[in-house]
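Please look through the model shown below, which the following paragraphs take up from a single helix outward to the whole chain.

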Amino acid sequence: MDQSPGYIRVNKWVIAMTVMLPTFIEVMDTSVVNVSLPHIQGSLSAGLDEVTWVLTSYLVSNAIIIPITGWLSNVFGRKRYLLFSLVLFTASSVMCGSAPTLKILVLARILQGIGGGGLQPISQAILLESFPQREHGMAMAVFGMGVILAPILGPVVGGWITDNWTWRWVFYINLPVGILAVFLAVLFVHDPPYIKRGKVYIDRWGLFLLTIGLGCLQIVLDKGEREDWFNSHFIVYLSIIAAVALVFFVIVELRTKYPVVDLKVFKDSTFAAGNFIMFTGFFCLFGSIVLLPVYLQKLMGYTAFWAGLVLGPGGIASFLIMPVAGTMMKKGVNPRTLLAVGLAIMAYSLYLMSGFNLQADFMAVSWPRIIQGFGMGLFFVPLAAATFANIPKEKMGNASGIFNLLRNLGGSFGVAFSTTVLSQRSQFHQNFLVEHITPYNKVFQERFAAILHWLKANDPGFASPAKVLAVFYKEVLRQASMLAFNDVFWLFAWFTAFLIPMTFILKKPTGKVEIGGIH
């Protein structure tokens, strides 16, 4: 354990609570606003396309800050940067809640994303340093309980607050949490000895290219489906800019002496493989989580609250299994084994979802989600611990920023993929089903006559051929949508299953040296 001057020994669980409290709220803010958008739109007299910038602005600024968190911590000091992020996030949350116009709300959301972006990587780096390496599984269990549970609870909490108070309180609730987090950080978080602030080297080109590249990429992913992807000149231009900027960013970072994001960390095969698995795993997880509420509300008639209750048990399952996974790793269970089991369970749960139908009851749709939650707990904890197994503690902040960026980008890509494929497959199945609705189809003729007869007997005012055809068309749309949901869940199941062989690339952590409690 380091005994250098200024080193302070603090209980690791106090540190865990200190850093996870604001991280949980920050992650939840990525989804808590979604259900409030219609209320914000009406309150601020905004159009639908305009109000979605409340979400996009936060995601863009968040994505830009996450990968440079390690560099900012080294430049300003981890504690100073953490306190700055907490204060900015809390103050901008109050600014969001009191915004009189949409422009001010979007500006406040940009500031909120800048403040909140650094909280996830800093929290993960601090946790990994606070716990001995043999307990990294438990540290990641603590971290995982926040980043997995928060976005699932977000829509439920946001819907309840919006319905019972107003949308402004979705932001105001961050104030007491932020104040408490600042107080705890002042008392218990200290810079590790290896962070020594000296001459500041600013990688200007790296910062510029990263900002442009990630900013344009996040806008493309968020608005691509609404703009019909590459049929929109806006999306085409932003895609080209993002691709060019990110390619040049990689070239610049590999050549500069003081990169804002050190990409050489990918030379570690375990870290590279872990990030690929994380990206793809969250690609499937967030894609499926976005689809479930749409399926339940659009096709099954669930309210937003009841749709949230279907997602909730899965989050609770993850919450319960993560500490178990951390304990098993502490006792010597190979992380690769737990990870492979977790991926298999997640793939199985998505396979079950691909069998959903229009007659499914609450338990039929809740049970696969619970299974997915257990799999997610066994996925995140060992993967995060194994990915950082060979990363030196002085590079932990940089590596954590990359890891969290790819996790978030995986989710964004997954959401964009799921909504796009759902739309295309719905159209495909609709065209296929309509082919059977012809006067020459005997089954159609029989059902058409039966419905018309029923209407004449029970509701003569609606007993017309046009009304009967409308009933058939509505049912065709429902069936086509249901088949499209099945297709997307089936694809996600196979994507997840294909990750299982990747677990053999990861190396089991072998280090026995304890990394002291935070400094």
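Which residue follows H5, and what is the sign of its phi? The residue after H5 is Gly-77, and its phi is positive, near 95 degrees. Helices such as this one (H or I, at least four residues), like strands (E, at least two), are DSSP runs numbered from the N terminus.

The model is predicted, so local features need pLDDT of at least 70 and side-chain atom pairs count only at pLDDT 80 or more, while totals for chains, interfaces and linings use all residues. Residues are numbered from 1 along each chain as its sequence is written, and side-chain values use heavy atoms, with hydrogens and water left out.

Helix H5 (residues 69-76) is largely enclosed by the rest of the structure, because six of its eight residues are buried, where buried means under 20% relative accessible area, exposed over 50%, and partly exposed in between (1.4 Å probe, protein chains only). The buried residues of H5 are Thr-69, Gly-70, Trp-71, Leu-72, Ser-73 and Val-75, and what covers them includes helix H4 (53-65), H6, helix H7 (102-117), helix H8 (119-130), helix H12 (204-223) and helix H18 (396-434). Within H5, Trp-71 counts as buried because its relative accessible area is 14%. Leaving aside neighbours within four places in sequence, Trp-71 is in contact (heavy atoms within 4.5 Å) with Tyr-201, Ile-202, Leu-207, Pro-259 and Val-260. The C-alpha atoms of Trp-71 and Tyr-258 are separated by 9.6 Å, although these residues are 187 residues apart along the chain.

Over the protein chain as a whole there are 20 helices and zero strands, and 54% of the 519 residues count as buried. Among contacts with a separation of 6 or more, 83% are accounted for by residues 24 or more positions apart.

The largest nonpolar core, a set of buried Ala, Val, Leu, Ile, Met, Phe, Trp, Tyr and Cys residues joined through side-chain atoms within 4.5 Å, has 137 residues, of which Val-33, Leu-105, Tyr-295, Phe-379 and Phe-380 touch the most other members. Helix H14 (residues 269-298) gives the largest share of this core, 13 residues. Not counting residues up to four places away in sequence, Val-33 touches Ile-40, Val-54, Leu-55, Arg-109, Val-170 and Phe-171. Val-290, placed in helix H14, counts as partly exposed because its relative accessibility is 28%, and its C-alpha atom is separated by 9.8 Å from that of Gly-411, 121 residues apart along the chain.

The loop between helix H15 (304-330) and helix H16 (335-353) holds Asn-334, which is buried, with a relative accessible area of 18%. The side chain of Asn-334 reaches the backbone nitrogen of Arg-336 at 2.9 Å.

Finally, where is there enclosed space, and which residues line the largest cavity? The lining consists of Pro-22, Ile-25, Leu-86, Phe-89, Thr-90, Asn-174, Val-177, Gly-178 and Ala-181, and helix H1 (12-32), helix H6 (78-97) and helix H11 (174-188) are the elements that give two or more residues to this lining. The largest share, four residues, comes from H11.

Terms used. A polar contact is a pair of N or O atoms within 3.5 Å; within protein, one must be able to donate a hydrogen and the other to accept it, and residues adjacent in sequence count only if both atoms are side-chain atoms. On a 1 Å grid over the protein atoms alone, a cavity is a set of points where a 1.4 Å probe fits but cannot get out, and a pocket is an open set with protein on both sides within 12 Å along at least five of seven lines; lining residues have an atom within 4 Å of a point.
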